[in-house]
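Please look through the structure shown here, beginning with how its parts are placed and ending with how its chains are related.

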Protein chains: 2
Amino acid sequence: MKTISVKELTDLVVTILEKSGVGAADARLTADVLVTTDSWGVATHGTKLLRGYGRRLRAGGLNPKGVPTIIAEGPSWALIDGNIALGMVTSVFATKTAIAKAKTTGIAIANVRNSCHFGAAGFYAHLAAQEKMICIAVANDTPSVAAPGSKGPVFGSNPFAFAAPGGAHPPVMLDMSTAVVAGGKVWQSVASGKPIPEGWLVDQEGQSTTDGTLYPDKAALLPMGGFKGYGLAIMIDVLSGVLSGANIRDKVGAWVYNPDTPTHHGHAFIVIDPKVISGSFESFQSGMNELIDGVKACPTVPGNGPLAMPGEHEESRRSAALKNGIPLRDDIVDTLREAAQEAGVPFPASLS
Amino acid sequence: MKTISVKELTDLVVTILEKSGVGAADARLTADVLVTTDSWGVATHGTKLLRGYGRRLRAGGLNPKGVPTIIAEGPSWALIDGNIALGMVTSVFATKTAIAKAKTTGIAIANVRNSCHFGAAGFYAHLAAQEKMICIAVANDTPSVAAPGSKGPVFGSNPFAFAAPGGAHPPVMLDMSTAVVAGGKVWQSVASGKPIPEGWLVDQEGQSTTDGTLYPDKAALLPMGGFKGYGLAIMIDVLSGVLSGANIRDKVGAWVYNPDTPTHHGHAFIVIDPKVISGSFESFQSGMNELIDGVKACPTVPGNGPLAMPGEHEESRRSAALKNGIPLRDDIVDTLREAAQEAGVPFPASLS
């Protein structure tokens with residue numbers, strides 16, 4: 001385990017991205033997404049991903065100078081072409097587009113095609129919540145998750161995120177995979193030598209397995225809650241893929257492979273302005289306080305403190321990280337070192 | 001088990017509702033919701049609920065002549081007061097309101113306060129899908145579901161439904177509880193003498209129990225997928241409760257108790273017009289065909305046929321029910337008989 005300050009890690013990511021051809025503003029934005037995610041303690045979706053993104057940027061599967069554009073729009077919707085830019089760049093653009101429209105019309109949707117992996121879905125929902133908005137953010141991905149009864153993967157682990165302003169509390173932020181766990185957690189367990197629990201994976205015959213090294217080529221994740229996770233994954237491929245005109249299901253590229261080939265992921269961002277619908281932002285905030293204070297007052301089993309709201313642990317880890325730096329596991333430090341080496345960027349002493 | 005035709009069951013429901021003070025059109029609409037749900041094979045949310053609704057209508061907890069009204073609206077949103085009308089009446093009104101707005105602006109949301117239990121969330125999402133729309137339908141409910149680590153219920157089983165037109169196939173329709181199972185399934189297991197599986201319920205100390213008779217007073221359901229189901233339930237209370245200005249969490253009345261007291265449930269219906277966003281309905285339908293045909297072609301474990309899309313089993317059961325009648329379990333027939341007796345309506349010979 002190594003610890004690095006938010007600023008130093010951000011500068012490292014910016015430098016690696018710039019050396020890979022990304023302009024200064026987009027590099028800064030992408031670094032903010034990845035380092036914020038690390039500071040939340042969501043190591044599966046933070047700077048660990050940078051090595052893969054860097055390879056894609058240099059091999060042509062991502063266009064470092066790509067600029068997302070609006071193909072078509074109305075007062076409450078926008079259809080956006082990611083033009084093979086970094087998924088983070090396109091997703092921040094799409095979220096901000098939906099926020100601006102929702103401020104006028106109460107609700108808006110931004111649909112994205114020709115994008116790539118976008119990191120943590122929760123970042124975009126949280127971004128909207130910081131702008132006093134409610135947001136649902138979803139993305140499709142290449143299949144890695146079985147359906148109940150299938151012999152192989154059928155849908156991606158298609159993430160679903162929701163965030164809302166939290167009144168006097170931090171924003172509520174739910175960020176979940178529709179698989180029983182995110183694929184990154186299997187890799188993390190394999191990397192750290194931990195066994196895979198029963199109920200995470202099925203092999204190519206559709207039988208349960210605890211061998212994490214089979215994933216993703218010879219094993220598939222199970223969907224969360226069986227038919228429910230399978231159903232949510234379908235919903236997400238409809239909203240982010242079919243509706244956006246993005247690639248869907250097995251046509252979505254696996255972003256960690258074939259770095260020279262665009263993946264054509266799709267996303268969708270639904271943003272609601274509570275001020276418009278509740279009449280005033282204050283009345284919405286007062287309802288959020290009632291909700292969260294009520295949850296906090298619920299009795300818990302001995303040894304547990306008050307119930308945590310989704311996003312609360314991430315918020316406290318971020319506060320600690322801003323003060324004391326971000327703790328990074330050794331395997332993530334190794335990945336970052338390779339990302340720096342491959343881009344020809346010196347590696348910071350604090351991580352060496 | 002008894003079998004009754006869709007028409008005969010519909011007529012029975014209409015008569016019971018009319019005798020309870022409901023006008024002809026609202027009685028017909030409500031009967032359509034409940035009988036369609038039964039014809040889908042979703043017995044937990046069909047005419048089984050009529051006895052309770054009838055008691056509320058006659059005791060004053062529902063206003064049989066209640067008419068939902070729009071309190072405030074914009075081109076893409078409407079805030080609706082249910083005025084204590086039947087939840088089905090208000091929810092069909094709200095869904096149709098959102099459909100009309102989405103046809104113009106691409107996406108719309110209808111938020112509902114002062115409503116009651118609305119039956120199966122999937123009905124409203126499916127209604128929109130039949131109108132060539134995509135829909136998410138959610139509702140809050142009185143707490144019956146524990147949070148991870150809580151000693152009692154914290155949120156309702158807050159349903160989540162999604163539907164979309166299915167191209168050449170029937171609409172895709174997902175209707176799920178954010179509890180590990182719907183509370184109705186516990187009652188159904190108790191009524192039919194089946195044991196409750198481990199993992200459904202926790203007792204008042206937050207410990208696992210298989211005693212279904214403890215539910216709901218002395219046991220709570222577990223959330224689907226632990227923290228994920230808990231997070232989704234929070235999202236649903238935000239969208240349907242806080243945003244709508246409806247009651248939230250433990251302030252929502254238990255609709256099966258205190259029939260003289262309104263419950264003040266909240267709902268939210270988000271409707272998207274794929275024609276607006278995809279450019280043409282045909283291009284969206286062609287994407288849905290690609291999605292569903294692709295799923296159908298996925299290999300399955302021996303003994304399984306092709307994978308089912310959500311809503312597919314419901315659709316085939318409905319086709320069979322329209323031909324051969326709806327099979328009703330004995331305990332549901334008993335409930336219906338009581339509903340008829342209490343309303344002073346003769347019971348059909350086919351169910352006697």
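A residue is called buried here if its relative accessible area is under 20%, exposed if that area is over 50%, and partly exposed in between. The model is a predicted one, and the values that follow are computed from its atoms. Under that cut-off C298(B), at 12% relative accessibility, counts as buried, and C135(A) is buried as well because its relative accessibility is 1%.

These cysteines lead to the matter of cross-links. A disulfide is a covalent bond between the sulfur atoms of two cysteines. Over all chains the structure holds zero disulfides; for C135(A), which takes part in none, the nearest cysteine sulfur belongs to C135(B) and is 18 Å away. Since a pair has to lie within 2.5 Å to be counted as a disulfide, the separation of 18 Å leaves C135(A) without such a partner.

Burial can also be followed along a whole element. In chain A, strand 4, which covers residues 107-115, has eight of its nine residues buried, and it is therefore largely enclosed by the rest of the structure. Its pairing with other strands can be traced in turn. Strand 3 of chain A, residues 77-81, runs parallel to strand 4 of chain A and is joined to it by five bridges, with A78(A) having A110(A) of strand 4 as its bridge partner. The connection between these strands involves helix 4 of chain A, residues 87-105, and together strand 3, helix 4 and strand 4 of chain A make a right-handed β-α-β unit. Strand 4 of chain A is also joined by seven bridges to strand 13 of chain A, residues 265-272, and here the strands run antiparallel; in this pairing S115(A) stands opposite H265(A) of strand 13.

The aromatic side chains offer another view of the packing. Over all chains there are 18 aromatic pairs, and one of them is formed by W40(A) and F123(A), a tilted pair with 6.4 Å from centre to centre and 40 degrees between the planes. This pair links distant parts of the chain, 83 residues apart, since W40(A) lies in the loop between helix 2 (24-39) and helix 3 (50-59) of chain A, whereas F123(A) lies in helix 5 (residues 121-130) of chain A. W40(A) counts as buried because its relative accessibility is 3%, and F123(A), at 7%, counts as buried too. In chain B, W40(B) and F123(B) likewise form a tilted pair, with 6.4 Å between the centres and 45 degrees between the planes. There W40(B) is buried with a relative accessible area of 2%, and F123(B) counts as buried at 7% relative accessibility. In chain A the ring pairs reach further, linking W40(A), F118(A), F123(A), Y124(A) and F269(A) into a cluster.

Rings also meet charged side chains. R249(A) lies over the face of F155(A), at 5.9 Å from the ring centre, and in chain B R249(B) lies over the face of F155(B), at 6.0 Å from the ring centre.

What remains is the relation between the chains themselves. Two copies of a chain are related by a rotation about an axis and a shift along it. Here a turn of 180 degrees, with a shift of 0.0 Å along the axis, lays chain A on chain B with an RMSD of 0.0 Å, which is the relation of a two-fold axis. In chain A, the C-alpha nearest that axis is the one of G225(A), at 2.9 Å from it.

Definitions and conventions. Residues numbered from 1 in each chain as written. Chains lettered and ligands numbered in written order. Predicted model: local features only at pLDDT ≥ 70, side-chain atom pairs only at ≥ 80, totals over all residues. Heavy atoms only, no water. Buried < 20%, exposed > 50% of the residue type's maximum accessible area, 1.4 Å probe, protein only. Helix = DSSP H or I, 4+ residues; strand = E, 2+ residues; numbered from the N terminus. Pairing = 2+ DSSP bridges. Right-handed = clockwise from strand over helix to strand, strands pointing away. Phe/Tyr/Trp six-rings, centres within 6.5 Å; stacked < 30°, edge-to-face > 60°. Lys NZ or Arg CZ within 6 Å of the ring centre and 35° of its normal. Least-squares fit on C-alpha atoms with pLDDT ≥ 70 in both.
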